[in-house]
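Thanks for coming, everyone. I would like to walk through one model this morning, going region by region, and I will put it on the screen now.

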Amino acid sequence: MSPQEIPTVNPAAVIVLAAGAGTRMKSRTPKILHTIGGISMVGHAIAAAQGLNPAKLAVVVRHERDLVAAHITSLDDSATIVDQDEVPGTGRAVQQALEALDSHELLTGTVVVTYGDVPLLTTELLTELVGTHNADNNAVTVLTAVLEDATGYGRIMRHEDGTVLGIKEHKDATDAEREIREINSGIYTFDAAVLREALKSVTTDNNQGEMYLTDVLSLARNAGGRVAAVATTDRWQVEGANDRVQLAALGTEHNRRIVEGWMRAGVSIIDPATTWIDSTVQLAEDVTILPGTQLHGKSTVARDAVVGPDSTLTDVQIGEGAEVTRTHGSGAIIGENAHVGPFTYLRPGTVLGADGKIGAFYETKNVTIGRGSKLSHLGYAGDAEIGEDTNIGCGNITANFDGVNKHRTKIGSGVRTGSNTVFVAPVTVGDGAFTGAGAIVRKDVPAGALTLTVAPQRNAEGWTTANRPGSIPAHAAESAAENATN
């Protein structure tokens, strides 16, 4: 039966196993909360499960229980949180989840079991697994893959007719059985009644002293049920992450798929190897991403915009035709046809209007900049509102903090400010006003006014020779004096 012929049947439940300590990750963060593509590993697992539209979703937890449970609830507040007890093993975890799901009404139909540390598993593959299970009226269907190196994985024991006899864990397998390359992914579909009954007979009588979920397969077969497998050629979908090396490998593969998907959707990505895009980012057709760019969170990029090179943006909205070059930013909005960079730092609350500019070596925070206004270079704008078609000169800053409180600066439309102007907030500058170079604006400026901070210039002639004798400046000054007299 081809995937196109497999009927779609929503399962009665999906159980996600997420109780492991993940000690090999060597992290205070629980393993399943480590992220790939901007989403936790368990978040990916839950999203794949949600795509099946199951009647019920249960997640089994134990290590850092409260932290993990809170995260799961934030992803799906209808999920049933199940606490695994002291009995080790996946069989016990599933048994407890089934008991929790049965507490109100006995579960009937198909039950899917997945893991919280298999982040590349897709809803599409799970749909194929469930569809095949239901179409063939199987008691158990296991998802398998063939690996070059199957070390550590449970091996699939097959009958001559191709059905599955059972699974032998690597630690319990003979040398001959370890030669088998078809492995158990740990992902299954069960008939709920078969699963419930078989788990009653699963023991901890093995080398590890655990209740193995894999024992259910041979028990189901011995009871007359059909046990089969769905094999995938995409090994990445069944790969788990137990340490940071595996996490990085999965992250790289996930990013490769995301980047390739966007290129096929009409986005030009000049160097896929140095471009990182989170799962939650949205890009339009004809966007261009230059090398060394990372797009995170809920960033969006509209048509014909160009981002990069060497830019890291988180939760940034970029308008149509805008250009963002060598910029680090978060929580900002960039209008259509606006220009940002190079070497610009956009902090949360920055809103740049259409056709505007924030230029080189500029930092902005909590500032709204109107259409066509330009902050071209070497400055800081924070807690401010700037009108339309205003030009802020080189080296301008808004002095927004008095040591205790933050204050706002309001600059109108059509304003022109001289180099090195300082706006000491709270202060308002009216439309069409000018400031002179070096102005310190402490009072409101009326519309159309020129503000100057004037101090008389005094030249102390002969100061260098008298105070820095023998220095290079002194020799230069002496030479200049001699040339003037000749």
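Isoleucine 156 has isoleucine 167, in strand E9, as its bridge partner, and that pair belongs to an antiparallel pairing between strand E8, residues 155–158, and strand E9, residues 164–168, which runs over four bridges. Five residues lie between the two strands of this hairpin, and glycine 162 there takes a positive phi near 95 degrees. Please keep in mind throughout that this is a predicted model.

Let me turn to the annotated part of the chain. UniProt, in an unreviewed entry, lists residues 14–144 as "domain: MobA-like NTP transferase". In the model, residues 14–144 are 36% helix and 23% strand, and the C-alpha atoms at the two ends of that stretch are 18 Å apart.

The UniProt record, again unreviewed, also places the feature "binding site" at Asp117 and Asn242. These two span 126 residues in sequence, yet their C-alpha atoms are no more than 7.9 Å apart, so they gather at one spot. Aspartate 117 lies in the loop between strand E6, residues 110–115, and helix H4, and at 13% relative accessibility it counts as buried, because the cut-off for that word is under 20%. Leaving out residues up to four places away in sequence, aspartate 117 touches Lys31, Ile32, Met41, Glu239, Gly240 and Ala241, as well as Asn242, the other annotated position.

Next, a pocket. Which residues lie nearest the centre of the second largest pocket? They are His44, Pro119, Leu120, Leu121 and Thr122, out of a lining of 15 residues. The elements giving two or more residues to that lining are helix H1 (41–50), helix H4 (123–135) and helix H7 (244–264), and H1 gives the most, with four residues. By character, the lining divides into seven nonpolar, six polar and two charged residues, and the space in this pocket comes to about 230 Å³.

Further along the chain there are some backbone details that I would ask you to look at on the screen. Most residues other than glycine have a negative phi, and most peptide bonds are trans. Against that background, a cis peptide bond joins glycine 341 and proline 342, with omega about 5 degrees, and proline 342 lies in the loop between strand E24 (339–340) and strand E25 (344–346). Phenylalanine 343 is found in that loop between E24 and E25 as well, and although phenylalanine 343 is not a glycine, its phi is positive, at about 60 degrees. With a relative accessible area of 46%, phenylalanine 343 is partly exposed. A second cis peptide bond runs from alanine 425 to proline 426, where omega is near 0 degrees, and proline 426 sits in the loop between strand E33 (422–424) and strand E34 (427–429).

I will finish with strand E28, residues 374–386, which holds serine 376 and also aspartate 383. Is serine 376 buried or exposed? Serine 376 is buried, with a relative accessible area of 15%, and, apart from its neighbours within four places in sequence, it is in contact with Lys357, Gly359, Ala360, Tyr362 and Ile392. Aspartate 383 is likewise buried, with a relative accessible area of 7%, and aspartate 383 has a positive phi of about 50 degrees although it is not a glycine.

Notes:
Residues are numbered from 1 along each chain as its sequence is written. This is a predicted model: local features need pLDDT of at least 70, side-chain atom pairs count only at pLDDT 80 or more; totals for chains, interfaces and linings use all residues. Side-chain values use heavy atoms; hydrogens and water are left out. Two strands pair if DSSP finds at least two bridges between them. UniProt positions are given in the numbering used here, feature names are shortened, and annotations may be inferred rather than shown by experiment. Buried means under 20% relative accessible area, exposed over 50%, partly exposed in between (1.4 Å probe, protein chains only). Contact means heavy atoms within 4.5 Å. On a 1 Å grid over the protein atoms alone, a cavity is a set of points where a 1.4 Å probe fits but cannot get out, and a pocket is an open set with protein on both sides within 12 Å along at least five of seven lines; lining residues have an atom within 4 Å of a point. Grid points are joined across faces, edges and corners, and a volume is the space filled by probe spheres set on the points. Ala, Val, Leu, Ile, Met, Phe, Trp, Tyr, Cys and Pro count as nonpolar, Asp, Glu, Lys and Arg as charged, and the others, Gly among them, as polar.
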